[in-house]
Structure formats: structure tokens, C-alpha cells
Amino acid sequence: MSAAAATVTDTRIPLRGHLRHTGALMRRNLLWIRQDPESMMDAVMMPIVFTLLFVYVFGGSVGQALGGGHDEYVQYVIPGMIAMMSMTLSQGVGTGFCQDFNSGVMDRFRSLPIGRGSVLIAKVAVEITRMIFAMTVLMIVAVLVGFDIDNWGGMFASVGLSVVFASSIMWGFLTLGVIMKEAQAVQQTGFLILIPLQFGSSIFAPTSSMPDWLQTFTDYNPLSTLADTARGLMIGGPVAHDLWVTVAWSVAITAVMAPVAIHKFRTKN
Amino acid sequence: MTRIDKNATVAVSVRGLVKHYGATKALDGVDLEVREGTVMGVLGPNGAGKTTLVRILSTLITPDSGQASVAGYDVVRQPRQTRRVIGLTGQYASVDEKLSGWENLYMIGRLLDLPRKEARSRADALLERFSLTEAAKRPANTYSGGMRRRLDLAASMIGRPEVLFLDEPTTGLDPHTRNEVWDEVKAMVGDGVTVLLTTQYMEEAEQLASELTVVDHGKVIAGGAIDELKAKVGGRTLRVRPTDPLQLRPLADILDKQGITGLAATTVDSESGTVLVPILSDEQLTAVVGTVTARGITLSSISTELPSLDEVFLSLTGHRASAPQDAVPTEPEEAAV
């Protein structure tokens with residue numbers, strides 16, 4: 001067979017093919033939402049519930065510490081919410097992917113002549129539309145609780161950055177969805193990863209009163225730099241350093257996790 | 001594109017295929033060949049390695065060693081080419097439960113690079129052909145088991161495959177629905193598709209396949225044309241019920257003494273009040289009836305049956321199938337790895 005080995009070639013999928021396949025799979029994921037509108041509940045309710053909870057539970061006391069009151073905290077926490085919300089939504093992608101594997105449909109996809117990446121990219125793309133939807137809800141709630149959008153450009157830039165960062169994190173959750181057997185385990189692991197990152201950051205409260213060891217963590221936590229960038233963009237203050245650090249994290253995470261996710265997907269038995 | 005196997009008459013060729021999962025030898029050196037346009041039945045109990053074989057041939061997993069080609073393409077080195085020429089219907093309906101039947105077929109058409117218009121008309125045509133037009137717009141999770149299996153078959157046919165893999169196509173279906181699925185598979189074969197199907201039921205193999213490969217513990221233990229194998233394992237079983245249950249034992253003894261049974265001896269099934277007589281030919285059937293008449297024994301019923309998987313195994317290997325055939329039919333064959 002060694003003579004034959006030299007001449008054996010496989011087809012390549014052209015770019016237009018990849019786009020077509022990704023489009024067909026995105027349509028599938030969008031039809032899921034139409035078929036099951038409840039799956040949008042988290043995107044609608046989470047921004048409302050979390051904003052109301054944080055503003056009214058912690059708003060008074062943290063606001064005082066900030067040298068103002070309730071209104072002061074609203075201005076502080078809404079940019080943080082932008083960072084937090086896309087993160088929380090991004091982990092749903094792993095759960096959904098794991099469910100796909102446990103049904104037979106993934107066998108079907110993997111026995112079709114399509115690029116393995118398009119299955120993953122379609123999932124990420126649809127998740128991004130969900131995030132943008134949740135961000136819209138968040139900004140409406142924000143205005144209702146008294147947030148002043150002085151800088152619309154800054155707001156859109158913050159939302160954009162948060163979504164970009166969350167998409168890079170999604171590759172990590174996709175990997176979890178591929179390697180773990182139960183969707184529930186994927187969700188639990190996702191929370192275990194997200195909760196410390198979200199709360200051990202400058203998202204909900206300034207870090208200056210935290211103990212030193214925690215401050216070291218929060219300083220390096222990309223969610224801190226993401227929240228601080230959003231704050232700077234929407235309210236004012238220095239942005240450049242935090243922005244670059246966030247972008248660098250995002251690029252690095254995607255560069256590492258996207259190939260890992262695709263590889264794990266390709267070689268899953 | 002290069003096809004490594006220039007011999008166009010062989011649609012599936014498997015040589016020395018090995019796949020181990022830890023200490024479990026799912027496949028332990030399997031060889032088989034399916035000629036173009038024929039139906040190969042792979043018969044074996046749960047855990048024999050049938051699903052592993054289908055998963056390797058449909059490029060879902062890679063073998064540890066050995067060679068496999070489908071329609072002339074090497075499944076390991078040319079997976080994308082292989083995927084262009086195969087259709088797969090798994091043990092579990094591999095359709096998207098939340099999408100409607102039509103949307104499922106349209107999606108697969110697009111994934112197979114059909115232009116939108118063609119993907120639409122192909123979806124319509126296949127729904128029609130598989131009698132699913134009325135249910136076309138309903139989500140697949142509202143379908144009955146048989147409808148889902150038919151949708152799955154339709155999905156496998158969108159790309160007009162040269163080779164179709166059916167992994168236990170009727171497991172978990174009731175007898176009526178099973179017949180429906182058989183009819184569909186026969187119609188596909190009529191279109192010239194080569195089929196490799198796995199099954200636990202001799203009857204299913206008899207209905208659909210022209211050739212049979214019997215596997216157990218990851219190894220091929222017998223193979224050949226169905227008729228040859230049937231002769232080898234004792235052909236059919238004649239089930240005779242005397243009107244008087246007291247005559248069960250004497251009847252069995254008479255038949256054994258006359259030596260008109262096939263390879264094995266008669267057995268008495270006292271629960272159903274019948275004597276089971278393995279026979280090889282119609283002449284033997286007639287001889288049995290003649291003997292019964294000569295002895296003045298009246299019969300209340302007489303029927304012929306195909307040997308069960310267990311009987312096939314017993315006569316081929318001298319031991320029973322490694323797992324009971326009537327294990328819950330919806331259970332996965334091998335641990336889903």
C-alpha cells in the first residue's frame with residue numbers, strides 16, 4: 001500500500017463551502033430559539049434580575065463607600081454588568097454543545113463532508129446574537145434605574161468589547177462541552193469557573209478595600225480590566241492600558257482555546 | 001480524486017480492522033467485503049463490535065490498526081471524500097429533535113452543498129417518498145418511533161449515497177413499524193445503493209441481506225450467503241403442536257429415532273406445548289408430516305421459523321451468544337465512547 005499512500009489525497013472544503021455550512025447550522029440554532037422561546041428567558045431575565053439585585057441590595061452601602069449613595073453605585077456597577085452579563089451567557093454554549101453530543105445529531109454532522117469548525121462557529125455566532133439581545137435589555141434596565149448614558153459611543157464600544165471577550169471565553173466552554181459527558185456537569189463547572197472570576201474582580205465593587213492577596217488576583221483578572229475599560233469608555237477616565245490588556249487576553253484565549261476545541265471535537269470518539 | 005481501491009465491484013472492503021477501548025477489544029481483526037449493489041448483514045449480539053465497525057466505516061472514529069475503504073476511499077486518509085459517498089442511520093435517530101422534518105432535511109441538503117432550490121425540492125421529495133409530508137412541519141420530537149426512523153433514513157438519502165450504513169435500523173420498533181422500515185430499505189436497495197446493516201435478528205438479516213457476516217467478541221465467526229449459513233446452522237425450525245400434550249415427548253422421540261431432523265436433535269418446549277424440529281429442506285418437512293400421520297398423532301398447529309440468533313451462535317460456535325438477544329432493545333450496543 002505504500003505506493004498508493006503517496007497518491008492518496010482528500011478533498012479540501014473551499015471557503016464558500018465553510019460559509020454555507022456555517023450558515024445552515026446557524027439557521028438550525030436560530031430555529032431552536034423560535035421553537036423553544038423559553039431558551040431566551042435567561043437573556044431577558046438575567047440583566048433585569050441582576051441589575052435590580054445589585055443596585056438595590058448593595059447599592060446603598062457600596063455607594064456610600066464610593067462617597068455618594070445609591071446613584072453613585074448605579075454609575076459604577078452598570079459598566080461592570082456589561083462585563084458580567086456576556087460572561088454568564090457565554091457558558092450556555094458548552095451546555096448546549098454537550099446536549100448535541102448526547103443526541104444522535106452530532107454523529108450526523110460528523111459523518112457529513114463539512115468542516116468541523118463550522119459546527120462550532122455557528123454555535124458561537126448564534127450565542128453572540130443572544131448576548132447582544134441581553135445587552136439591549138440591560139441598557140434599558142440601566143436607564144430605568146437611573147443610569148445616565150452620556151457617551152453613546154463609549155457604551156457601544158463597551159458592549160462590543162465585552163462580546164468579543166466573551167466569544168473568546170466561549171471556546172473554553174465549548175471544549176468543556178466536548179470533553180464532559182453530562183450537560184449538567186458542564187454547567188456546574190462553568191459556574192465554578194465564572195463565579196470567582198466575576199466576583200473576584202472590580203465588576204461589583206472597587207478593589208481597594210480587598211486584602212492584598214485578593215487584589216493581586218483582581219488586578220490580573222481580565223474581567224477587572226474589561227469592567228474598568230467599560231467604565232472608562234462610558235464614564236470617563238484612563239482607558240488605554242486596560243483596553244490593551246483585555247484585548248490581549250481575548251486574543252490569547254482564542255488562540256489557545258479555539259484550536260483545542262476544534263481538535264477535541266475532531267478527535268472525539 | 002484518487003480512489004485507492006480500483007476494483008469498482010467492491011463497495012466496502014475491510015482488512016484486519018482492530019479497535020480497542022482499554023482492555024475491551026471492540027474489534028479484534030475484522031475482515032469483510034461488500035460487493036457493489038448488495039446488502040451485507042452484520043449479525044451479532046450486543047457488544048459484538050457491530051456499532052464500532054459502522055462508526056469506523058462512517059469516519060466517526062479511527063481504527064487502531066487495519067484498513068477500511070468505502071467506495072474506493074480510505075476512511076482514515078480520505079475521510080471527507082468518504083463522507084461524500086456514504087449515508088448513515090444510527091441506532092438512535094440522528095435527527096435534530098427540535099427542528100421539523102422538513103427543516104432537518106433542508107439543513108442536511110445545504111450541508112451537502114445543494115443549492116437552496118435543490119435542497120428545498122429534495123426535502124419535499126424525500127418527505128413524500130417516506131410518507132412524512134403531513135408531518136413535514138412538525139418538530140421531530142413529536143414523531144413516533146417509526147416516523148423518526150423514516151426521517152432518519154430520508155436524511156441519509158439526501159446526498160444520494162453510494163453506500164448506506166444502517167446500524168440496527170429497527171431496534172426498539174414494534175413489528176408493524178419494523179415491516180415499514182424494511183420496505184423502505186428494500187426500496188433503497190432497489191435503487192442500487194450498497195447497504196451494510198447491523199442487526200441482532202436473523203429474521204431481519206433474512207429479510208434484507210443477501211450475505212451475512214456473523215461477529216462475536218470483535219471477531220468474524222462465520223460469513224457467506226444467507227442460504228449457505230442457514231443450511232450450516234440447520235436451516236429452519238419446524239414447530240409442531242400435538243393436540244394431546246401427553247404426546248409431546250413420544251413425538252419428539254419418534255422424530256429423533258427416524259433421523260429425519262436436520263443437524264441438531266429435536267427439543268420439547270413444554271411451556272408452549274410444541275416440539276421444535278430443525279430441518280434443512282422441504283423434503284424433511286414433508287417427511288415429518290408423513291411420520292406424524294403414520295403414527296396417528298393429530299396436530300393442532302404446525303409452523304416454520306428461522307433460527308434465532310442464539311441458535312445460530314450455538315450451532316456455529318457451540319456456545320450461546322455472548323449477551324442475551326432479548327436484552328432491552330433500546331440499550332446502546334456498546335458503551336457510547
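I'll start with a charge over a ring: the charged end of Lys123(A) sits over the ring of Trp32(A), at 5.1 Å from the ring centre. A second lysine, Lys98(B), lies over the face of Trp32(A) as well, and its distance from the ring centre is 4.1 Å. Bear in mind that this is a predicted model.

Next, ring against ring. How many aromatic pairs are there over all chains? The count is eleven. One of these pairs is Phe101(A) with Phe265(A), in an edge-to-face arrangement. The centres are 5.7 Å apart and the planes make an angle of 80 degrees; anything over 60 is classed as edge-to-face. Phe101(A) belongs to helix H5 of chain A, residues 92-102, and Phe265(A) to helix H12 of chain A, residues 240-267, so this contact ties together parts 164 residues apart in sequence. Are these two rings buried or exposed? Phe101(A) has a relative accessibility of 15% and therefore counts as buried. Phe265(A), at 1%, counts as buried too.

On chain B there is a stacked pair, Trp102(B) with Tyr106(B). Here the centre-to-centre distance is 5.0 Å, with 10 degrees between the planes. Both residues lie in helix H3 of chain B, residues 101-111, and because they are four residues apart, about one helical turn separates them. Trp102(B) and Tyr106(B) are both buried.

Last item, back on chain A. Which residues do ring pairs link into a cluster? They are Phe50(A), Phe54(A), Phe58(A), Phe199(A) and Phe204(A).

That's the end of my part.

Note on methods
Residues numbered from 1 in each chain as written. Chains lettered and ligands numbered in written order. Predicted model: local features only at pLDDT ≥ 70, side-chain atom pairs only at ≥ 80, totals over all residues. Heavy atoms only, no water. Phe/Tyr/Trp six-rings, centres within 6.5 Å; stacked < 30°, edge-to-face > 60°. Helix = DSSP H or I, 4+ residues; strand = E, 2+ residues; numbered from the N terminus. Buried < 20%, exposed > 50% of the residue type's maximum accessible area, 1.4 Å probe, protein only. Lys NZ or Arg CZ within 6 Å of the ring centre and 35° of its normal.
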